[in-house]
Amino acid sequence: MKRLNILLRRGVLAALGTLAMTGCHVNDEMPLCPDVQITYRYYPTADAEQLPDYVHSMTHLLFENDVLVGSLWIDHTSTHRAEGLMVAAVCRGGQTLRQLSLDLPAGNYTLMSWGNQDDAISTLEPWVMGQTTRAQIILAQQNLQTRAVSAYDDSERLYFGTTAFTAGGGPVSRNVDMLCAHMQLDVTVRWKNVLEYPDMAQPIQLFLDGVPVEYNQQVSHTLSLGITGTPVYGPGTTTESVPALTGVTGLHYAPASVQSASELTARFVTYRLRDTDHPLLSILQNGISLMDTPQIDLETFFTANSWKRTDNRRQYFSILIEIDGPLIEVSGTIVTDWTPGGSVGGQ
């Protein structure tokens with residue numbers, strides 16, 4: 001009987017998946033329980049709820065007992081794609097980036113949501129409705145490009161949130177606080193000795209190695225922020241879930257932008273860093289390092305300056321590298337948005 005119920009449910013999921021393309025007339029015997037209301041929020045700072053300013057699309061994965069049973073992609077214009085049990089949500093209407101209103105069979109569910117996920121940059125795989133488990137699905141960066149070496153371009157500016165709930169026991173209402181799930185590193189490189197100025201007319205490439213390129217659909221830990229209140233939400237505390245990384249890392253690329261004969265800048269956008277990661281920065285021209293050392297281990301700098309990554313809500317860093325012969329000095333530039341616990345980040 002248990003196997004029969006599973007097969008029946010998978011049959012309904014297949015029908016609903018087809019329904020996403022053919023219409024909104026569901027004729028099955030599975031009772032739907034309405035009034036599951038999910039509201040998404042994002043606080044870059046304690047006094048500003050600004051989800052629409054940062055999140056332009058959402059990819060939702062719905063799991064029942066850790067098996068994938070529904071998906072929904074929706075953007076800021078309410079354009080959408082739905083599969084499985086999320087088709088009923090689309091048929092009901094009223095879905096936005098901020099608000100989901102779900103009709104679901106009774107059961108225990110987990111909803112994983114990724115802001116700004118783009119299949120051209122990062123893919124969620126494998127993905128078989130009614131079969132794939134949450135432990136199997138990996139969000140992996142895919143935009144690997146071959147230049148002098150193979151390296152990833154920038155990732156999306158990802159955001160992440162999740163919630164668990166039970167449908168069928170009455171109305172459900174959840175606020176989901178999104179977490180900044182990307183890292184931005186601004187780098188300024190300055191040569192102090194005029195005799196060592198590089199030829200700025202020739203392309204200069206910056207690479208950052210040892211940076212995570214895979215998330216799974218688990219939660220590593222949670223962070224919180226005391227919020228002062230907005231016109232929509234009163235004072236309180238956010239609960240932000242940090243997505244777990246698989247441990248797979250890769251090499252990232254950023255082109256240099258020339259500022260003067262002695263200075264250039266570059267920006268990396270990647271997945272989040274952890275305190276245990278060792279991002280290695282290199283500066284190359286025609287495949288040759290422009291520093292006496294091939295790479296700079298930024299973990300040493302982060303640790304020396306108490307720039308925590310694991311417990312940082314918003315990983316926006318800016319550093320200055322000054323080169324004077326064999327001497328290389330790394331320092332922080334403009335850094336704001338100190339968070340509780342002494343970690344630092346922000347624009």
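Two residues are said to be in contact when heavy atoms of each lie within 4.5 Å. In this predicted model, that criterion gives a starting point at Pro-198, which touches Trp-191, Ile-204, Ala-261, Gln-285 and Leu-290 when residues up to four places away in sequence are not counted. Pro-198 sits in the loop between strand S14 (182–191) and strand S15 (205–212). Buried residues are those under 20% relative accessible area, and Pro-198 therefore counts as buried, at 12% relative accessibility. Pro-198 also lies 7.6 Å from Ser-262, C-alpha to C-alpha, although the two are 64 residues apart in sequence.

The nonpolar interior may be considered next. The largest nonpolar core has 31 residues, and those with the most contacts inside it are Tyr-40, Leu-62 and Phe-165. Leaving aside neighbours within four places in sequence, Phe-165 is in contact with a set of residues that includes Val-36, Ile-38, Leu-62, Leu-102 and Leu-104. Gly-107, Asn-108, Tyr-109, Leu-111, Val-172 and Arg-174 are also among the contacts of Phe-165. Another core, of 28 residues, lies apart from the largest one. Among the residues of this other core are Leu-273, Ile-296, Leu-298 and Trp-191; Trp-191 was met above as a contact of Pro-198.

Aromatic rings form a further set of contacts, and the count comes to 13 aromatic pairs. One of them joins Tyr-42 and Tyr-54, whose ring centres are 5.2 Å apart with 70° between the planes, an edge-to-face arrangement. Tyr-42 lies in the loop between strand S1 (33–41) and helix H2 (51–54), and Tyr-54 lies in helix H2, so the pair ties together parts that are 12 residues apart in sequence. Both Tyr-42 and Tyr-54 are buried. The pair of Phe-301 and Phe-302 is tilted, because the ring centres are 6.1 Å apart and the planes meet at 50°. Phe-301 counts as buried at 9% relative accessibility, and Phe-302 counts as buried at 1%. Ring pairs also link Trp-114, Phe-160, Tyr-215 and Tyr-271 into a cluster.

Attention now turns to a pocket. The second largest pocket holds about 240 Å³ of space. It is lined by 13 residues, of which Trp-73, Arg-81, Glu-83, Asp-119 and Trp-127 are the closest to its centre. Strand S3 (67–75), strand S4 (80–84) and strand S7 (122–125) are the elements that give two or more residues to this lining. By class, the lining comprises 5 nonpolar, 4 polar and 4 charged residues.

The backbone has some features that merit inspection. Most residues other than glycine have a negative phi, and most peptide bonds are trans. Against that background, a cis peptide bond joins Glu-125 and Pro-126, with omega at about -10°. Pro-126 lies in the loop between S7 and strand S8 (138–141). Asn-65 has a positive phi, near 50°, and is found in the loop between strand S2 (57–64) and S3. Asp-66 is placed in the loop between S2 and S3 and has a positive phi of about 70°, although it is not a glycine. How exposed is Asn-65? At 56% relative accessibility, Asn-65 counts as exposed, whereas Asp-66 is partly exposed, with a relative accessible area of 34%.

Technical notes: Residues are numbered from 1 along each chain as its sequence is written. This is a predicted model: local features need pLDDT of at least 70, side-chain atom pairs count only at pLDDT 80 or more; totals for chains, interfaces and linings use all residues. Side-chain values use heavy atoms; hydrogens and water are left out. On a 1 Å grid over the protein atoms alone, a cavity is a set of points where a 1.4 Å probe fits but cannot get out, and a pocket is an open set with protein on both sides within 12 Å along at least five of seven lines; lining residues have an atom within 4 Å of a point. Grid points are joined across faces, edges and corners, and a volume is the space filled by probe spheres set on the points. Helices (H or I, at least four residues) and strands (E, at least two) are DSSP runs, numbered from the N terminus. Ala, Val, Leu, Ile, Met, Phe, Trp, Tyr, Cys and Pro count as nonpolar, Asp, Glu, Lys and Arg as charged, and the others, Gly among them, as polar. A nonpolar core is a set of buried Ala, Val, Leu, Ile, Met, Phe, Trp, Tyr and Cys residues joined through side-chain atoms within 4.5 Å. Buried means under 20% relative accessible area, exposed over 50%, partly exposed in between (1.4 Å probe, protein chains only). Rings of Phe, Tyr and Trp (its six-membered ring) pair if their centres lie within 6.5 Å; planes under 30 degrees apart count as stacked, over 60 as edge-to-face and the rest as tilted.
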